Amino acid sequence: MNIHEYQAKQLLKEYGVNVLDGGVAYTPAEARAAAEKLGGPVFVVKSQIHAGGRGKGKFKEAAAGEAGGVRVVKSVDDVEANATQMLGNTLVTHQSGAEGKEVKRVYIEDGCDIASELYLAFLIDRATDSVTIMASTEGGMDIETVAEETPEKILTVSIDPTTGIMPFHTRQVAFGLGLKGAQIKACSKILASMYKAFVELDASMLEINPLVVTGDDDLVALDAKMNFDSNALYRQKAVMEMRDEDEEDAMELEASKHDLNYIKLDGTIGCMVNGAGLAMGTMDIIKLYGGEPANFLDVGGGATKERVTEAFKLILSDSNVEGILVNIFGGIMRCDVIADGVVAAAREVSLNVPLVVRLEGTNVEQGKKILSESGLPIITADNLADAAEKVVKAVKEAA
Ligand code: ADP
Ligand code: MG
């Protein structure tokens, strides 16, 4: 799960990371009030969306002006005017996808006196089984470009989880970043704070880009991005409260409410499968027969009729879906339960695309009987290859 920049800054501040004062605003009037509270003389108006690259982003609407999603202004009036332009408009960045994201909140922050911009991130490195620091002098810009073009400018330091962060780690980073004097101490402090926040909050990623060296040798987090392990959210109440469902894919959100593992894809063949491995295999074989999956969907091992119905409705609510393949291996899951769910859902939402069902395993005969007696135009298949071939063919014929 992701959160907004201003929320990440709130969390990090509690752990002792230096951030500037600021206030979030949902309306131009709130933006004005936030600016008045800060006092100026320089303010920054920052669009809050779950995508990076806002500074270099572009708004879709002419009303939002030519400037990007992060703007430095010098009066309260200009804060209000820029917030008015941003709010309700769609910002497109290199991370937002072409459709962009609507700005519903802005963050009004004090302006910063920037001497230089660094990059600092904590992430989980599976190769070394450890929390790893990534640091670079090339802050402020797109780190993927740095990694590609000048990988030698990225320093990585892995932290043994049994010792946690140690002074030698922080010195390695500080020297690697070319810091001097008081900056080294500031670097140790921010790294220790970030590590503590990362571990205690069950983060999977914490990125500060840029981390700014100020005119008086202090280090300030000017941007902050945090990502959390969703399996740990049950014990992260404060983080959970920061969830912004507006930023999440509407269908994936609906799926998560029903405990379905759903990921939307670009193709036309909707898949309903039990088990992540079988779901992957099903997507592969659809491609093998020349089709493209519209989604990954694992209904889980012990799905109920209701969950199967919800899953089916979810697939059908995707307007790209031109055919559906239900592929279930009944182990714990019984084929008759699946069949009941499919029939119930197909009746509830009028089924207007070809449906191929392949069932195997526990109670398969009863399942097949339910399907054939339902009177619905269901194409049955005997094995995985047969099912994939049939659904791809049915979609082509229907087109
Ligand atoms: P993004 O990474 O989404 O583009 P940032 O928060 O990193 O957004 O802002 C982009 C750039 O804007 C920063 O690299 C920095 O140069 C400038 N900037 C951001 N916040 C401030 C601030 N409070 N004061 C001065 N400049 C800022
Ligand atoms: Mg940034």
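The exercises below work through domain contacts, side-chain pairs and backbone geometry in a predicted model.

**Exercise 1. Which domains does the assignment give, and how many residues does each of domain 1 and domain 2 bring to their contact?**

Step 1. The protein chain is assigned domain 1 (21-110), domain 2 (114-240) and domain 3 (250-398).

Step 2. Taken over C-alpha atoms, the centres of domain 1 and domain 2 are 26 Å apart. Six residues from domain 1 and four residues from domain 2 make the contact.

Step 3. About 370 Å² is buried between domain 1 and domain 2, and carbon and sulfur atoms give 22% of that area.

**Exercise 2. Describe the polar and charged pairing between domain 1 and domain 2.**

Step 1. Three residue pairs are in polar contact between domain 1 and domain 2, both residues of each pair being at pLDDT 80 or more. On the side of domain 1 that touches domain 2, the classes are three polar, three charged and no nonpolar residues.

Step 2. One salt bridge is found across this interface.

Step 3. To find a candidate, compare the residue numbers with the domain bounds: domain 1 covers 21-110 and domain 2 covers 114-240. The side chains of arginine 54 and aspartate 223 form a salt bridge with an N to O distance of 3.1 Å. The cut-off for such a pair is 4 Å.

**Exercise 3. Locate lysine 104 and its salt-bridge partner, and state what the pair ties together.**

Step 1. The structure as a whole holds 25 salt bridges. One of the pairs is lysine 104 with aspartate 246, whose closest N and O atoms are 3.4 Å apart.

Step 2. Lysine 104 is in the loop between strand 6 (101-102) and strand 7 (106-110), and aspartate 246 is in the loop between helix 7 (237-240) and helix 8 (250-257), so the salt bridge ties together parts that are 142 residues apart in sequence.

**Exercise 4. How many aromatic pairs does the whole structure hold, and how is the pair of phenylalanine 122 and phenylalanine 198 arranged?**

Step 1. The search finds three aromatic pairs.

Step 2. In the pair of phenylalanine 122 and phenylalanine 198, the ring centres are 6.2 Å apart and the planes meet at 35 degrees, which is a tilted arrangement. Planes under 30 degrees apart would count as stacked, and over 60 as edge-to-face.

Step 3. Because phenylalanine 122 belongs to strand 8 (residues 114-125) and phenylalanine 198 to helix 6 (residues 182-200), the pair ties together parts 76 residues apart in sequence.

**Exercise 5. Identify two cis peptide bonds and a positive phi, and place each in the fold.**

Step 1. Most residues other than glycine have a negative phi, and most peptide bonds are trans.

Step 2. The bond from glycine 40 to proline 41 is cis, with omega near 10 degrees. Proline 41 sits in the loop between helix 2 (28-38) and strand 2 (43-47).

Step 3. The bond from asparagine 209 to proline 210 is also cis, with omega near 10 degrees. Proline 210 is part of strand 11 (residues 203-214).

Step 4. Aspartate 129 has a positive phi, near 50 degrees, and lies in the loop between strand 8 and strand 9 (130-136).

Conventions: Residues numbered from 1 in each chain as written. Chains lettered and ligands numbered in written order. Predicted model: local features only at pLDDT ≥ 70, side-chain atom pairs only at ≥ 80, totals over all residues. Heavy atoms only, no water. Domains from an automatic or database assignment. Contact = heavy atoms within 4.5 Å. Buried area = accessible area lost by both parts, 1.4 Å probe. Polar contact = N/O pair within 3.5 Å; in protein donor to acceptor, adjacent residues only side chain to side chain. Nonpolar A, V, L, I, M, F, W, Y, C, P; charged D, E, K, R; others polar. Phe/Tyr/Trp six-rings, centres within 6.5 Å; stacked < 30°, edge-to-face > 60°. Helix = DSSP H or I, 4+ residues; strand = E, 2+ residues; numbered from the N terminus.
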